[in-house]
Every structure is written in structure tokens, then in C-alpha cells.
Amino acid sequence: MARITVHIDQKTYHLECEEGQQNYIIKLTQRLGEYISNIRAEFGEMHHQQAAIMAALMAIDELTYARLKQKKLTKELEDLTAKDTANTAKAILEAAQKIKAIAESLTLEQTN
């Protein structure tokens with residue numbers, strides 16, 4: 001485990017994380033600090049814990065929205081893929097029927 005020191009909302013925290021994750025955790029804490037700063041800019045001064053809770057709620061709201069959007073886009077992609085597969089199957093069937101008709105006409109010409 002790696003130990004890092006981060007600063008969020010003018011407070012210092014000592015955290016542990018997996019080795020190699022230090023920069024990622026630092027970036028996350030910087031983003032959390034931005035949320036808190038934005039909340040304070042919009043709503044004025046408030047207790048640190050209240051700002052942190054509001055920031056967490058905002059982050060969860062964004063995550064929830066992103067997951068819903070991902071689910072919707074995945075469904076749309078599945079629908080398009082199914083439609084494309086059906087269209088491809090139809091085109092292959094039509095091509096096979098044409099090939100069969102050509103083969104039958106060639107067979108008839110050879111027997112005549």
C-alpha cells in the first residue's frame with residue numbers, strides 16, 4: 001500500500017491506496033475539491049461536512065446519470081446491431097436465392 005497526502009477544502013488528509021494509484025487518487029481529490037469550491041461559490045459558506053455531503057451527492061447524481069445514459073446507449077446499440085444482423089441475413093438470403101436461380105438456369109441450359 002502507498003501512503004499519500006492530499007488537500008481537500010483546505011484540509012489535509014493522509015490516505016492509503018494501492019501502489020501505482022497515487023496520481024489517480026490525487027486527481028480524484030482535486031476534483032472533489034472543485035465540487036466543494038463550486039458548491040461554496042453557489043451557496044455561500046457552510047460547514048465542511050455539509051459541503052462534502054453535497055459534493056458527494058452531486059458526484060453520485062452525475063454517476064447515476066452517466067450509467068442511465070450508458071444503459072440507454074447500450075440498448076440502442078443492441079437494437080441497431082439486431083436490425084443490422086436482420087438486414088444482413090435478409091440480404092444473404094436474397095443473394096442465395098439469386099445464386100440458386102442462376103445455378104438452376106445454368107443446369108437447364110446444360111441439359112438442353
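Let me start with T29, which is found in helix α1, residues 22–43. T29 counts as buried, at 9% relative accessibility. What does T29 touch, if we leave out residues up to four places away in sequence? The answer is V6, I8 and L15. One caution before I go on: this is a predicted model.

Two of those contacts, V6 and I8, take us to strand β1, so named for residues 2–8. Which side chains of β1 point to the buried face? A2, I4, V6 and I8 do. R3, T5 and H7 point to the other face, and they are not buried. The side chains alternate along the strand. Keep V6 and I8 in mind: they sit on the buried face of β1, and T29 of helix α1 touches both.

Now the partner strand. β2 covers residues 11–17. How many bridges join β1 to β2? There are 7, and the two strands run antiparallel. Take two pairs. I8 has K11 as its bridge partner in β2. T5 has H14 as its bridge partner there. So much for pairing; L15, the third contact of T29, falls within the residue range of β2.

Next, the turn. β1 and β2 form a hairpin, with 2 residues between them. D9 has its place in the loop between the strands. Q10 is found in that loop too. What is the phi of D9? It is positive, about 55 degrees, although D9 is not a glycine. Q10 also has a positive phi, about 65 degrees, and is not a glycine either. For context, most residues other than glycine have a negative phi. Is Q10 buried or exposed? Q10 counts as exposed, at 82% relative accessibility.

Let me step back to the chain. It has 2 helices and 2 strands. From the N terminus on, the order is β-β-α-α. The radius of gyration is 30 Å, well over the 13 Å that the globule rule gives for 112 residues, so the chain is more spread out than a compact globule. What does the C-alpha trace span along its principal axes? About 95 × 35 × 15 Å.

Burial next. Of the 112 residues, 15% count as buried. T29 is one of the residues that count as buried, because its 9% relative accessibility is under the 20% cut-off. On contacts, take those between residues at least 6 apart in sequence: 20% of them join residues at least 24 apart.

The surface, then. The accessible surface of the chain comes to about 9400 Å². Carbon and sulfur atoms account for 57% of that. What about charge? The chain has 14 positive and 16 negative side chains. The centres of the two sets lie 3 Å apart.

On to helix α2, residues 48–111. I picked two residues from it. K71 lies in α2. K71 is exposed, with a relative accessible area of 62%. L68 lies in α2 as well. Is L68 buried or exposed? L68 is exposed, with a relative accessible area of 55%.

Now some distances, C-alpha to C-alpha. K71 and L93 are 22 residues apart along the chain, and their C-alpha atoms are separated by 33 Å. L68 and A103 are 35 residues apart along the chain, and the C-alpha separation there is 52 Å.

One more residue, in the loop between α1 and α2. That is the place of E45. E45 is exposed, with a relative accessible area of 70%. How far apart in space are E45 and L80? They are 49 Å apart, C-alpha to C-alpha, and 35 residues apart in sequence.

To close, back to where I began. β1 and β2 form the hairpin, T29 of helix α1 touches V6, I8 and L15, and α2 takes in residues 48–111. The chain as a whole is more spread out than a compact globule.

Technical notes
Residues are numbered from 1 along each chain as its sequence is written. This is a predicted model: local features need pLDDT of at least 70, side-chain atom pairs count only at pLDDT 80 or more; totals for chains, interfaces and linings use all residues. Side-chain values use heavy atoms; hydrogens and water are left out. Helices (H or I, at least four residues) and strands (E, at least two) are DSSP runs, numbered from the N terminus. Buried means under 20% relative accessible area, exposed over 50%, partly exposed in between (1.4 Å probe, protein chains only). The radius of gyration is taken over C-alpha atoms; the globule rule is 2.2 Å times the number of residues to the power 0.38. Contact means heavy atoms within 4.5 Å. Accessible areas come from the Shrake-Rupley method with a 1.4 Å probe; for residues, only the protein chains shown count as cover. Lys and Arg count as positive and Asp and Glu as negative; His and the chain ends are not counted. The place of a charge is taken as NZ of Lys, CZ of Arg, CG of Asp or CD of Glu. Two strands pair if DSSP finds at least two bridges between them.
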